[in-house]
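Please open the model in your viewer and keep the sequence panel beside it, since this tour moves from one selection to the next. Each stop says what to select and then what is found there.

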Amino acid sequence: MKIRRARPADVDVIAQFNRSLAWETERRRLNRAQVHRGVSALLKDSRRGSYFVAEEGREVIGQLMITREWSDWRNGDFWWIQSVYVAAAFRRSGVFRKLFGHVRGLAARTPGVCGLRLYMHTTNRRARAAYERLGMSRPHYEVFELELR
Ligand SMILES: CC(C)(COP(=O)(O)OP(=O)(O)OC[C@H]1O[C@@H](n2cnc3c(N)ncnc32)[C@H](O)[C@@H]1OP(=O)(O)O)[C@@H](O)C(=O)NCCC(=O)NCCS
């Protein structure tokens with residue numbers, strides 16, 4: 001299994017994984033065209049963030065996305081991990097462990113990155129177990145939002 005930065009040609013599989021992720025974890029149907037445009041926009045502009053994919057042979061079997069959040073308290077960037085998904089047939093075989101390890105190593109080597117963060121649906125027990133196994137802990141924050149569109 002190989003971990004690599006996603007390329008524009010990965011847009012279809014990443015968009016499909018995102019739709020599967022939303023359905024599986026929140027029973028939410030994402031609009032196909034909108035997600036496709038959203039994935040494509042990030043792949044075309046590295047200032048927005050990056051995707052990393054796990055590949056077995058030439059098949060993409062897992063993914064995550066990184067976006068950045070400036071922390072004025074720390075004078076550094078948090079990397080937020082989002083869009084985490086491993087194809088069902090490949091779960092529990094270390095795919096996410098490897099994706100996470102790759103990004104963690106990269107973050108540690110990149111000057112100015114002060115940490116990794118993520119949020120997850122409160123009922124996602126599998127994801128919670130995986131994040132805890134990989135050494136992440138829950139900070140004393142809650143997420144608020146105001147949806148505009
Ligand atoms: C959560 C998810 C990404 C985990 O990916 P994975 O490739 O199966 O995870 P790994 O095999 O790399 O496991 C990493 C660690 O988490 C633990 N873990 C993974 N799935 C687990 C589960 N269902 N129950 C308990 N522990 C679990 C593993 O034991 C492993 O620790 P170990 O290596 O010390 O044994 C995968 O289940 C998934 O894609 N789920 C659907 C989408 C989703 O929930 N995404 C997260 C959104 S926030």
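Begin by selecting the ligand in this predicted model together with its surroundings, which comprise 21 residues, the closest being Arg92, Arg97, Asn124, Arg126 and Arg133.

Staying with the ligand, show the backbone atoms of Arg92, where a polar backbone atom lies 2.8 Å from an oxygen atom of the ligand. Move next to Gly94, which likewise has a polar backbone atom 2.8 Å from a ligand oxygen, and then to Arg97, whose polar backbone atom is 2.7 Å from an oxygen atom of the ligand.

Now leave the ligand and select helix α1, residues 11-26, along with helix α2, residues 32-44, whose axes come within 9 Å and cross at roughly 125 degrees. An angle over 115 degrees but not over 145 is classed as oblique, and α1 and α2 are therefore oblique to each other. If you turn the view so that one helix lies in front of the other, the crossing of α1 past α2 is right-handed.

To display the contact itself, select Val11, Asp12, Ile14, Ala15, Gln16, Asn18 and Arg19 on α1, and Arg32, Val35, His36, Val39, Ser40 and Leu43 on α2. Colouring this selection by residue class will show six nonpolar, four polar and three charged residues in the contact of α1 with α2.

Definitions and conventions
Residues numbered from 1 in each chain as written. Predicted model: local features only at pLDDT ≥ 70, side-chain atom pairs only at ≥ 80, totals over all residues. Heavy atoms only, no water. Axes fitted to C-alpha atoms, helices over the stretch in contact; angles between N-to-C directions. Helix = DSSP H or I, 4+ residues; strand = E, 2+ residues; numbered from the N terminus. Parallel < 35°, antiparallel > 145°, perpendicular 65-115°, else oblique. Left-handed = near helix turned anticlockwise from the far one by under 90°. Contact = heavy atoms within 4.5 Å. Nonpolar A, V, L, I, M, F, W, Y, C, P; charged D, E, K, R; others polar. Near = heavy atom within 4 Å. Polar contact = N/O pair within 3.5 Å; in protein donor to acceptor, adjacent residues only side chain to side chain.
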